[in-house]
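Trainee: Before we settle on any descriptive terms, could we go through the reasoning behind each of them?
Mentor: Gladly; let us set each value against its cut-off.

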Amino acid sequence: MSLHVVVGFGPAGAATARLLAERGHAVRVVTTSGRSPEPGIEHVTADAADSGRLSELSKGATAIHSCAAPPLHRWVRELPPLAASVCAAAEASGAVLVMLGNLYGYGPVPGPLTEELPLAATGPKGRVRAALWERARGLHEQGRIRAVEVRASDFFGPGVTDRGHLSGRVVPRVLRGKPVSVLGDPDAPHSWTYLPDVASAMVEVAGEERAWGRAWHVPTAPALSGHAMVDRLADRAGTAPVAVRGLSPAVLGVASLFSPLIRELKETRYQFDRPFVLDSSAYEAEFAVRATPVGEQVGATVDWWRERVAVGG
């Protein structure tokens, strides 16, 4: 049994921590808010941006899984010191640093996204995401830490709530047979990364030395449009097909006056206005994790939300 430190307990951090615990590892979760005890998981309340405290909590750890992320409008200010602290803890403890990233760093590209693309984003959130990995990779190349990043497209699945594009704004309405609105073109192909597959990849690369020193895309099912995904959700839910409409720029402009999240999404609107396709073939050629079949993804997601909606009334 080895100790794994998980920084952050949002959807990805929680899924990773629970998977590690299921596999018999000792798991220490670090969050600023703390959590109730769970079997096999120690929850510690601490500021992960405090490098001294995080280094202390990471002593003896096999891996540090960096999954914490503040709200989008605080990324530029809060992510760099958090990443610096995580890197310092990895250097002090000797633990492998497993970073959870996303696709913002690439910026708009004309075709499928692969790990070989340059991190060419020009917007502030894309640049900060790119800088986090560039810093960790530099330390890895200097021999100061051992680091790997796994990059996912938009999260989907049980446990993904308000921040997901196919979650709180969509699935409960599908369960009630009501129309839904999605960002951008509802018929543009889009990659949706299933949350349990994110956790599986985070856990797998932590123990694969040949994975370290570079970034990998989480195994992700073939791209489907938002419209196609909503149709599958409705079919699983047993409701009639629901209307799916894209939110117009005018509507988003008005919404951005009141919502920091909507304001921040302007930078990455391109991901929904055109095909946005993740290529995970490099990972699949090297390692064991595979994308969960879409039917299973949809079934588990609808079942999870059905129980949540029933409990919440």
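Mentor: In this predicted model, the crossing of helix H1 and helix H6 is right-handed.

Trainee: Why are H1 and H6 called oblique to each other?
Mentor: H1 (residues 11–22) and H6 (residues 195–206) pack at an angle of about 60°, with their axes 8 Å apart. Roughly parallel would need an angle under 35 degrees, and roughly perpendicular begins at 65, so H1 and H6 count as oblique.

Trainee: Which residues of H1 and H6 meet, and what is their character?
Mentor: On the H1 side they include Ala 15, Thr 16 and Leu 19, and on the H6 side they include Val 198, Ser 200 and Met 202. The residues of this contact divide into ten nonpolar, two polar and no charged.

Trainee: What makes the aromatic pair of Phe 156 and Tyr 194 tilted?
Mentor: The centres lie 6.4 Å apart, inside the limit of 6.5 Å for a pair, and the 50° between the planes falls neither under 30 degrees, as stacking requires, nor over 60, as edge-to-face requires. Phe 156 lies in strand S7 and Tyr 194 in strand S9, 38 residues apart, and the pair thus links distant parts of the chain.

Trainee: How do you know whether Phe 156 and Tyr 194 are buried or exposed?
Mentor: Buried means under 20% relative accessible area; Phe 156, at 0%, therefore counts as buried, and so does Tyr 194, at 7%.

Trainee: Why is the pair of Trp 304 and Trp 305 called edge-to-face?
Mentor: Their ring centres are 5.2 Å apart and their planes stand at 90°, which is over 60 degrees, so the pair is edge-to-face. Trp 304, at 27%, is partly exposed, whereas Trp 305, at 5%, is buried.

Note on methods: Residues numbered from 1 in each chain as written. Predicted model: local features only at pLDDT ≥ 70, side-chain atom pairs only at ≥ 80, totals over all residues. Heavy atoms only, no water. Axes fitted to C-alpha atoms, helices over the stretch in contact; angles between N-to-C directions. Helix = DSSP H or I, 4+ residues; strand = E, 2+ residues; numbered from the N terminus. Parallel < 35°, antiparallel > 145°, perpendicular 65-115°, else oblique. Left-handed = near helix turned anticlockwise from the far one by under 90°. Contact = heavy atoms within 4.5 Å. Nonpolar A, V, L, I, M, F, W, Y, C, P; charged D, E, K, R; others polar. Phe/Tyr/Trp six-rings, centres within 6.5 Å; stacked < 30°, edge-to-face > 60°. Buried < 20%, exposed > 50% of the residue type's maximum accessible area, 1.4 Å probe, protein only.
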